Amino acid sequence: MSLEYNKNLIPLAKSLRKHATPQENHLWYDFLRSYTPRFQRQKTIGQFIADFYCEKAKLVIELDGSQHFTPEGHTYDEARTAAIETFGVTVLRFTNRDIDREFQAVCMRIDTVVRERIP
């Protein structure tokens, strides 16, 4: 079953794929690209674009840079997570620093959650 999405966000999602952050590229090229089950990059879900999405596990992975650590950013992220979770999707958040300094731990956490969510 496909998730609801705003088709007007597709050009932005494509642009975000082309202009990914170093941390998004690291997670994608060094782990998620060849991970099974399959993940997608910059997936439109409802009115949002998720950094990474695994349909089979109903899992979104978000990487948070410095803009997420302001009070406004934190409030927005909470509302966004709640909206995405209405689709039965779990949202996992990691900071860019997590990717830079604890990459293997991030990968292990993702793998653990995926395995828990797939019967």
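In this predicted model, strands β3 and β4 run parallel and pair over six bridges. One of the contacts along this pairing puts Val60 across from its bridge partner in β4, Val91. On the β2 side the sense flips: β2 (residues 48-54) and β3 are antiparallel and joined by three bridges. Val60 turns up here too, with Tyr53 standing opposite. The β2 and β3 strands make a hairpin with four residues between them, and in that turn Lys58 takes a positive phi of about 50°.

What about the surroundings of β3 itself? Six of its six residues are buried, so the strand is largely enclosed by the rest of the structure. Both faces are covered: Leu59, Ile61 and Leu63 point one way, Val60, Glu62 and Asp64 point the other, and all are buried. The face with Val60 thus carries two acidic side chains, Glu62 and Asp64, and each of these has an arginine to pair with, Arg80 for Glu62 and Arg93 for Asp64.

Turning to those charges, the structure holds four salt bridges. In the one between Arg80 and Glu62, the closest N and O atoms sit 3.1 Å apart. Arg80 belongs to helix α3 (residues 71-85) and Glu62 to strand β3 (residues 59-64), so this pair ties together parts 18 residues apart in sequence. Neither partner is out in the open: Arg80 is buried at a relative accessible area of 9%, and Glu62 is buried at 3%.

The other acid on that face, Asp64, forms a salt bridge with Arg93, with the closest N and O atoms 2.7 Å apart. Here the link runs between distant parts of the chain, from Asp64 in β3 to Arg93 in strand β4 (residues 90-95), 29 residues apart. Asp64 counts as buried at 7% relative accessibility, whereas Arg93, at 26%, counts as partly exposed.

Arg93 also forms a salt bridge with Asp77, where the closest N and O atoms are 3.7 Å apart. With Asp77 in helix α3 and Arg93 in strand β4, the pair ties together parts that are 16 residues apart in sequence. Asp77 is buried, its relative accessible area being 6%. Put together, Asp64, Asp77 and Arg93 are linked in a network of salt bridges.

Methods
Residues are numbered from 1 along each chain as its sequence is written. This is a predicted model: local features need pLDDT of at least 70, side-chain atom pairs count only at pLDDT 80 or more; totals for chains, interfaces and linings use all residues. Side-chain values use heavy atoms; hydrogens and water are left out. Buried means under 20% relative accessible area, exposed over 50%, partly exposed in between (1.4 Å probe, protein chains only). Two strands pair if DSSP finds at least two bridges between them.
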